[in-house]
Amino acid sequence: MKEYWKVVVPVVSLFFLASVYFTSTALSYVGEVLIINSATEPIKNGQVEVCGQKFQLGEIGQGKTKAIQYKVRSDSHFALIVEFVSGKKVSKELGYVTSGRDFKHVLTLKDDEVSIELQ
């Protein structure tokens, strides 16, 4: 009987770990946000934070876009900080994501406002 447990315990443990891995992989959701610079000047730099993940924007020219993909790990909103080449800064919290599904948002920056749209 002792030999039986030497085989069963490792097999059950391996099955459990494989189940946890595949469940977390299968249930991981992805979000994407497309940032559109519709302002009258280029973006010098900036940052977007969502679901505890921070993404640096770098330069985004006038009329240009940048796509960012993130993992939907929890309920969250977008925290945006942008600095234009003129030195003007825009900071805003907007939108909402909730765990349990994929998301695609379009975030549009204008001179004095930021809007977000769920696709």
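**Close-up 1. Pairing of β5 with β6 in the predicted model.** Strand β5, which covers residues 76-84, runs antiparallel to β6 and is joined to it by 7 bridges, as found in a structure that is a predicted model. Among the facing positions, Leu80 in β5 stands opposite Lys92 in β6, and Ser76 stands opposite Val97 in β6. The hairpin that these two strands form has 4 residues between them, and within this hairpin Gly87 takes a positive phi near 100°.

**Close-up 2. The open sheet that contains β5 and β6.** The sheet is open and consists of 4 strands, arranged in the order β3-β2-β5-β6 with antiparallel pairing. Because β3 (53-56) and β6 (89-97) each have a single partner strand, they stand at the edges, and one side of each is left without a neighbour in the sheet. From one strand to the next, the twist averages 15°. Strands of a sheet pair through backbone hydrogen bonds, in either a parallel or an antiparallel manner.

**Close-up 3. The salt bridge between Lys88 and Asp112.** A search of the whole structure finds 1 salt bridge, and this is formed by Lys88 with Asp112, whose closest N and O atoms are 3.6 Å apart. Lys88 lies in the loop between β5 and β6, whereas Asp112 lies in the loop between β7 (103-109) and β8 (114-118), so the pair ties together parts that are 24 residues apart in sequence. As for the surroundings of the two partners, Lys88 counts as partly exposed because its relative accessibility is 28%, while Asp112, with a relative accessible area of 71%, is exposed.

**Close-up 4. The surroundings of Glu41.** Glu41 is located in the loop between β1 (29-37) and β2 (43-50). Glu41 is buried yet has no salt bridge, and the nearest side chain of opposite charge, that of Lys88, is 4.5 Å away; because a salt bridge requires a side-chain nitrogen of Lys or Arg within 4 Å of a carboxyl oxygen of Asp or Glu, the separation of 4.5 Å between Glu41 and Lys88 does not qualify. The side chain of Glu41 is nevertheless joined to that of Ser86 by a polar contact of 2.9 Å. When residues up to four places away in sequence are not counted, Glu41 touches Gln62, Phe84, Val85, Ser86, Lys88 and Asp111. Lys88 thus appears in this view as a contact of Glu41, and in the preceding one as the salt-bridge partner of Asp112.

Key: Residues are numbered from 1 along each chain as its sequence is written. This is a predicted model: local features need pLDDT of at least 70, side-chain atom pairs count only at pLDDT 80 or more; totals for chains, interfaces and linings use all residues. Side-chain values use heavy atoms; hydrogens and water are left out. Two strands pair if DSSP finds at least two bridges between them. Axes are lines fitted to C-alpha atoms, for helices over the stretch in contact, and angles run from 0 to 180 degrees between N-to-C directions. Buried means under 20% relative accessible area, exposed over 50%, partly exposed in between (1.4 Å probe, protein chains only). Lys and Arg count as positive and Asp and Glu as negative; His and the chain ends are not counted. A polar contact is a pair of N or O atoms within 3.5 Å; within protein, one must be able to donate a hydrogen and the other to accept it, and residues adjacent in sequence count only if both atoms are side-chain atoms. Contact means heavy atoms within 4.5 Å.
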